[in-house]
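Me: Could you teach me how to read a model like this one, feature by feature?

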Amino acid sequence: MLHLHDRKKQIRKVLLITLLLNLSVSSAKIVYGWLTNSVAIYSDGFHSLFDGISNIGGLIALSIASHPPDKEHPYGHRKFETVFAIFIGVLMSITAIEIVRNAYESLIEAKKPLTDEKAFIILLGTLMVNIFVSIYERKRGKELKSEFLIADSAHTKVDIYITIGVIVSVVITTLTEFNFVDPVAGLVVGVFVAREAILIIKESANILADRTVLDGEKIASIVETCRDVEACRDVRTRGTAGQIFVDLKILVNPSISVSEAHDIAERVEELIKKEFPDVVDVVVHVEPFKRN
């Protein structure tokens, strides 16, 4: 098993590699789209840019999350990652509005993009890069057990489909007089960016609001299999993948000693952490069990 420091080092390496590739892809699309007046390519470039921003977010989150809990942050620093994610979501929302505005103006003005064979070379090249990044990130994510890398690879997979759609739109626009296809393709990209922004903000807000992350009934049923636990009540969970906090009550025989009750609580904590590896802290409240 990898040491924690080595794992973080390797995840950082993966993020840096994908960051450089994503920035190269987005820069090529944005510059070429702007020079040729292609809203579809220009918009797709900004969509790809957020893959790079996501990588930067991952690097920042990896750095901050590695800090241990302290006096001012007794529950750790993982929520800084969530705050950064909301910032990314807001930035994406603004960009989506700008993409839609540009697509609308292009549609009204009916300008024909000045695309040529370079467009296909750039788009096919960036498509190959996206395919590589998606496969590479997912493979390394599974090896390093990194949910962030696996999720980011899924996001890049969406880029692959969008780029294929943009290629089709460029082919149609170049070979026909259907100039409206280019801004419509840009509009579709803008909708995808807006959708992803909403999902990011929604998920991040739920984390900040301490939404339940584990099935309380499942935890209670597991705890009640523990020896000397008569019942389990009021299970509460919060946090995010890799850092989940659990708070619950256990009812025990009222005649046992404080020391025995403490031992039972420790067994419950060990059992929960064994069954749910993402749990980092369990607060067990011990109360007397009263038979009806």
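Reply: Happy to; we will go from an annotation to a helix, then to a single residue, and end with the cores. Keep in mind that this is a predicted model.

Me: Where does UniProt place the feature "transmembrane region"?

Reply: An annotation is best read beside the coordinates. The unreviewed UniProt entry gives residues 52-68, 80-99 and 119-137. Over residues 119-137 the model is 100% helix and 0% strand, with the end C-alpha atoms 26 Å apart.

Me: How many residues does α4 have, and how far does it reach?

Reply: Compare the span with the expected one. Helix α4 has 28 residues and reaches 40 Å from its first C-alpha to its last, close to the 40 Å expected at 1.5 Å a residue. Its buried residues include Leu-123, Asn-130, Glu-137 and Arg-140.

Me: Is Asn-130 buried or exposed?

Reply: Buried means under 20% relative accessible area. Asn-130, which lies in α4, has 0% relative accessibility, so it counts as buried. Beyond its neighbours within four places in sequence, Asn-130 is in contact with Asn-22, Val-25, Lys-29, Thr-156, Asp-159, Ile-160 and Thr-163.

Me: Which residues have the most contacts inside the largest nonpolar core?

Reply: They are Val-223, Leu-248, Ile-250, Val-268 and Ile-272, in a core of 22 residues. At least two residues of this core come from each of α7, β2, α8 and β3. Among the residues that Ile-250 touches are Val-223, Ile-264, Val-268, Val-284 and Val-286. A second, separate core has 21 residues, including Ala-40, Ile-53, Ala-119 and Ala-185; of these, Ala-119 is also one of the buried residues in α4.

Conventions:
Residues are numbered from 1 along each chain as its sequence is written. This is a predicted model: local features need pLDDT of at least 70, side-chain atom pairs count only at pLDDT 80 or more; totals for chains, interfaces and linings use all residues. Side-chain values use heavy atoms; hydrogens and water are left out. UniProt positions are given in the numbering used here, feature names are shortened, and annotations may be inferred rather than shown by experiment. Helices (H or I, at least four residues) and strands (E, at least two) are DSSP runs, numbered from the N terminus. Buried means under 20% relative accessible area, exposed over 50%, partly exposed in between (1.4 Å probe, protein chains only). Contact means heavy atoms within 4.5 Å. A nonpolar core is a set of buried Ala, Val, Leu, Ile, Met, Phe, Trp, Tyr and Cys residues joined through side-chain atoms within 4.5 Å. The expected span of a helix is 1.5 Å times one less than its number of residues.
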